[in-house]
Amino acid sequence: MAHEVRAVVARGKGAPVSLETIVVPDPGPGEALVKVEACGVCHTDLHYREGGISDDFPFLLGHEAAGIVEAVGEGVTEVEPGDFVILNWRAVCGQCRACRKGKPWYCFSTRNATQPMTLLDGTPLAPALGIGAFAEKTLVAAGQCTKVDPAAPAAAAGLLGCGVMAGFGAAVNTGAVGRGDSVAVIGCGGVGMAAIAGARIAGATTIVAVDVDERKLERARSMGATHTVNGTKADVVDSVRELTGGFGADVVVEAVGRPETYKQAFYARDLAGTVVLVGVPTPGMSLELPLLDVFGRGGSLKSSWYGDCLPSRDFPALIDLYRQGRFDLDAFVSETIGLEDVEKAFEKMRGGDVLRSVVLL
């Protein structure tokens, strides 16, 4: 049986998205059909629409989602119909060399559904990050579903599916921020804000938020930043050092993904400190640093993919923090919208007017 549902489709590079009827098949072996309740509008979706990730159009956009499992295929034991789940785009295989080493967050063989979702004429859709959740229903690999406490509202819970988890994990998992550490976060969009919140929860005592937008810096203070630096008004490296006793931060999270901001992060860290790159660069970008500085400053230069998260471990834990009032996921939701409003949400994102627009279905 196939399901005809409404969904947001990107048909061509840079073209406005369209609301269309698509066909979603019943789940096959290892797959799950999920009724989507909420999906955040992430910058990665805009990258897909603009052809910045691949040219495999048409794309079925949306990936930062939560919903209810409606049906499962043969052999599925992780979830069952009726479960409230957060969707993830890193369903670990359990068998690759990373998984066998006990580091499944680096899984080199993550899973997606094998059956295609299609347009009405049969044209296969490429689901964003293997999810495609700007749709009333979507088909995913069962391992992409992480069961969590249904007491959490879908609009907040779904944000853990990408941006919030990426930022929180960059600070806590990749950067290993601990009690008493100093942290700087360069770029205060949704990912950077989550890194700030994660650093606060982990016990950092100095948290410096860096951006060029005063609105974002004001939000950063509400998330836990102890200091802010506007990069258009002050030298970022000098300011971070001044705010950390002249030394630099123990951990600097770069949430922009540009060579110039990465260099700021590199020089704004303390000797033997850690730089975490979680901002996503574009393919044409390159970085040049004096090799002697890389050697002489010691420490670690790390990349954080999806916040080095293990969904089965991290999603339920962060939902528990939310329910305890320690992690304000609701603060990331700037507005709730319908499927027909995704294109407008992209424009608001470009202008820095929202932290997250969330589609409710």
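Colleague: Of the 361 residues of the protein, what percentage count as buried?

Modeller: The model under discussion is a predicted one. A residue is called buried when its relative accessible area is under 20%. Of the 361 residues of the protein, the share that meets this description is 54%.

Colleague: How many helices and how many strands does the protein have, and why is it described as being as compact as a globular protein of that length?

Modeller: The protein contains 11 helices and 18 strands. For 361 residues the globule rule gives 21 Å, and the radius of gyration of the protein is close to that value, so the protein is as compact as a globular protein of that length. The radius of gyration in question is 20 Å.

Colleague: Among contacts between residues at least 6 apart in sequence, what percentage join residues at least 24 apart?

Modeller: A contact requires heavy atoms within 4.5 Å. When contacts between residues at least 6 apart in sequence are considered, the portion joining residues at least 24 apart is 69%.

Colleague: Is Val 76 buried or exposed?

Modeller: Val 76 lies in the loop between β5 (64-72) and β6 (84-87). The cut-off for a buried residue is under 20% relative accessible area. Because the relative accessibility of Val 76 is 14%, this residue counts as buried.

Colleague: Which residues does Val 76 touch, not counting residues up to four places away in sequence?

Modeller: A touch here means heavy atoms within 4.5 Å. With residues up to four places away in sequence not counted, the residues that Val 76 touches are Gly 30, Glu 31 and Ala 142.

Note on methods:
Residues are numbered from 1 along each chain as its sequence is written. This is a predicted model: local features need pLDDT of at least 70, side-chain atom pairs count only at pLDDT 80 or more; totals for chains, interfaces and linings use all residues. Side-chain values use heavy atoms; hydrogens and water are left out. Helices (H or I, at least four residues) and strands (E, at least two) are DSSP runs, numbered from the N terminus. Buried means under 20% relative accessible area, exposed over 50%, partly exposed in between (1.4 Å probe, protein chains only). The radius of gyration is taken over C-alpha atoms; the globule rule is 2.2 Å times the number of residues to the power 0.38.
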